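Trainee: Please take me through one part of this model in close detail. Pick a single strand and stay with its surroundings.

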Amino acid sequence: MSEDHPHGDAPPSGHPGDHAASEHPGSNPDASSSSHPGGHPGARNYAETPLIVTWEVTQACELECDHCRAEAQPERDPAELSTADGKDFVESIADFGHPQPILVFTGGDPLERPDLFELLKHAAEENVTTAVTPAPTANLTEDVIGRLADAGVSRIALSLDGATASAHDEFRGEDGSFARVEQAARQARAAGMEIQINTTVTANTVEDLPEIADMVEEFDAAMWEVFFLVPIGRGEELAQLETERTVEVMEWLYRRGQEAPYRVITVEAPHYRRVADEFERRESGEGVRVGSTRAGNGFVFVSYEGEVYPSGFLPESGGNVTDRSLVDIYRNADLFERLRDTDQFVGSCSRCDYLDICGGSRSRAHAVTGNPLASDPLCPWVEHVEDTA
């Protein structure tokens with residue numbers, strides 16, 4: 001499946017890499033200032049308007065990626081939102097007011113949906129900024145990339161999870177996927193679109209990060225979104241990093257982002273914000289703010305059936321867009337209000353000095369403990385405080 005999480009954890013204005021807080025097309029970004037179309041995330045009240053709305057237009061996908069949260073299937077599901085429902089949903093984005101969220105078309109593979117270009121055209125007519133996260137399959141031809149550009153798509157996100165064809169193709173479950181990513185990246189840039197490279201960090205992929213970072217630069221990408229695995233879907237079978245190792249990786253990512261010609265953001269790793277702040281305090285004596293969004297707070301995910309989730313990795317629904325407006329669900333659904341109220345958090349996160357800046361991955365807390373308000377199990381500082389729920 002293509003990665004669909006723009007909520008990222010990103011660095012401050014002027015830094016060459018933020019996602020809100022990342023601004024991944026389709027992810028949940030943990031971000032700060034943003035060069036992504038849609039403007040500076042800081043101008044938004046995330047209790048009212050998300051930075052990113054990600055729509056899983058279909059679960060259908062030819063790939064069988066190791067980490068797929070959607071457990072994508074070869075065929076489309078008849079329960080998908082219809083074309084008419086999809087157009088109504090696209091129109092609802094404007095109801096958030098200004099600045100509007102960015103609408104990310106994800107999947108599965110959005111190219112498996114025959115009406116994708118009709119929906120993209122409708123979004124352009126409604127002045128909705130769009131991004132697409134296509135899967136690197138035979139569907140992603142040069143002609144299709146040109147049509148995406150002509151449809152007004154501002155950015156496409158491509159997943160690269162290994163520095164070699166053998167490593168990436170094994171992770172993605174299809175021979176030739178690595179070559180397609182390379183080809184699609186160059187074709188997208190030639191067509192005038194920005195590209196974003198998404199990489200999943202696991203115990204098995206982490207050693208490839210330096211070489212992948214070099215490739216991101218070679219592709220002339222605008223952003224590198226680094227997703228720290230949440231164990232749901234097929235991802236339950238993959239090995240996560242040890243908590244202390246995440247700090248080393250995040251410090252390396254922060255240093256790399258300071259030098260890179262692209263933005264570096266993290267997804268489902270909001271303690272990147274603490275790592276960056278403490279790193280800067282050691283180096284320069286001054287802290288830094290690198291992120292702002294969390295699941296349900298700056299980011300919202302709409303499933304192929306129209307269910308509204310705080311994140312694709314937190315599959316608890318606040319309502320369905322066929323019954324209730326997206327704006328109403330995002331602003332007023334009990335689940336979303338609780339996720340934005342840090343006073344309701346429990347355990348170490350609730351007592352942490354970085355609560356408001358970080359807040360932990362609500363998705364990982366839910367995946368591991370069943371409680372989205374619990375502490376983030378990947379955070380190394382959770383171990384240093386007796387956790388109570």
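Mentor: Val53, in strand 2, has Leu103 of strand 3 as its bridge partner. The model is predicted, so read every contact here as a computed one. Strand 3 covers residues 102-106, runs parallel to strand 2, and is joined to strand 2 by five bridges.

Now take the other pairing. Strand 10, residues 298-302, also pairs with strand 2 in the parallel sense. Four bridges hold that pairing. Here Trp55 of strand 2 stands opposite Val302. Strand 2 thus has pairings with strand 3 and with strand 10.

Next, the side chains. In a regular strand they alternate between the two faces of the sheet. Strand 2 can be read the same way: Ile52, Thr54 and Glu56 point to one side, while Val53 and Trp55 point to the other. Both sets are buried. That includes Glu56. The cut-off for buried is under 20% relative accessible area. Five of the five residues in strand 2, residues 52-56, fall in that class, so the strand is largely enclosed by the rest of the structure.

Put the pieces together. Val53 has its partner Leu103 in strand 3. Trp55 has Val302 opposite in strand 10. Val53 and Trp55 point the same way from strand 2, and both are buried. Ile52, Thr54 and Glu56 point the other way, and they too are buried.

Technical notes:
Residues are numbered from 1 along each chain as its sequence is written. This is a predicted model: local features need pLDDT of at least 70, side-chain atom pairs count only at pLDDT 80 or more; totals for chains, interfaces and linings use all residues. Side-chain values use heavy atoms; hydrogens and water are left out. Buried means under 20% relative accessible area, exposed over 50%, partly exposed in between (1.4 Å probe, protein chains only). Helices (H or I, at least four residues) and strands (E, at least two) are DSSP runs, numbered from the N terminus. Two strands pair if DSSP finds at least two bridges between them.
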